[in-house]
Amino acid sequence: MKLVVDSWAPELGGAGGGDDLPAGPGDVDPNVEVPAADWAPRRPAVVSDRPVGFVDGVRRVEGVLWRADDTPDGAVRQAAAVSIAAGAVCCTGDKATITTTEVQRLLVGPAGFQALQTRAGRFEPRAVADDDPAALQRGMQERLRRLERRLLDQLAWPDGVGEVGLLVLDGPLDGSVEVPHAVGYVKTHHVAYLPEEVRHVITALRPGERTPLFLAQSSWTRFSWYLRLPYGGDHPWAGIVRCEASADVGPADATRLADLAAGQLPRFASRPHKDRRAPQNLYPIAGLERHLKRLLGDGNHVLRALRDAARQQTVA
């Protein structure tokens, strides 16, 4: 019997991976870069030293507001007061610079909630169709992802994939992302995208190696590939991340992006003694997350500000 310890704690959302994953949605074509019969680990011939940009966001629920409707049945609706922040960091050589950040205070709930001015900032209403917890969670995540994608669009590297390098979004892309050199970076695995005939190549990867490209089609179409980072330990899926790029970039540019990711991302891999989500939680992303959380301010102060503003509005 062999025991292997994974540094990811269950409360962090395990990295996952393995043969027991459910099949992913939609269709997959593994014959994009090479025929499925020729699948094998691939290593980039040249490691680029061009700048790499990272975009990430954080959110925090500050409190829940309840509104009693002035109707015969006295219906009570709830909205979540949430703070979200997103930013970008550019890494050139050994230097990392946070280039942009934005913080928003939102009131996510059914239509009819009004903006709430507090001393911690103005909470702007954002409507969702229902006020059950799942709908509120989806509404919060939608607004955060929208902010991240807007910052991604604003990072207009002048010459695209050919000259400047890589732009990494922490999390999956979607069909709305039109930045040609953007790569989605997925740290956890919940479904199996690859057919069994090529799936074994994932666990055969060594640090810095990637799988060939495959094309996945579900709600949107994208190129994707798996990459192994260093410092992952002995688990077969340790250090495995999945990257993706829009199918609109074409196979040639997607291959260049995959090689850039395989050549660049391993140097940002975190160490287990510094990060419980190592190595997938890349150092620039971890640093950006810490900075964004500081920008959200003290949660206790924001909660007190919300309560005071709600009382004043009720009295008025």
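Colleague: Which way do strand E1 and E9 pair, parallel or antiparallel?

Modeller: Keep in mind that this is a predicted model. E1 covers residues 27-29, and E9 covers residues 214-217. One bridge links Asp29 to Leu215 in E9. Over 3 bridges, the sense of the E1 and E9 pairing is antiparallel.

Colleague: And which residue in E10 does Ala216 stand opposite?

Modeller: E9 also pairs with E10, in the antiparallel sense over 4 bridges. The two strands form a hairpin, with 3 residues between them. Across from Ala216, the residue in E10 is Arg222.

Colleague: Which residues of E9 are on its uncovered face?

Modeller: E9 has two faces to sort out. Phe214 and Ala216 make up the covered one. That leaves the uncovered face with Leu215 and Gln217.

Colleague: Over to helix H2: why are its buried residues on the same side?

Modeller: H2 runs over residues 196-204, and its buried residues are Val198, Arg199, Val201 and Ile202. They sit on the same side of H2 because the arc they cover around the axis is only 145°.

Colleague: What about the face of H2 turned away from that buried side; which exposed residues does it carry?

Modeller: Exposed here means over 50% relative accessible area. On the face turned away from the buried side, the exposed residues are Glu196 and Glu197.

Colleague: Which strands are included in what covers the buried residues of H2?

Modeller: One of them has come up already: E10, the hairpin partner of E9. E10 spans 221-228, and the other strand spans 240-246. So the cover of the buried residues of H2 includes strands E10 and E11.

How values were computed: Residues are numbered from 1 along each chain as its sequence is written. This is a predicted model: local features need pLDDT of at least 70, side-chain atom pairs count only at pLDDT 80 or more; totals for chains, interfaces and linings use all residues. Side-chain values use heavy atoms; hydrogens and water are left out. Buried means under 20% relative accessible area, exposed over 50%, partly exposed in between (1.4 Å probe, protein chains only). The arc is that of the directions from the helix axis to the C-beta atoms. Contact means heavy atoms within 4.5 Å. Two strands pair if DSSP finds at least two bridges between them.
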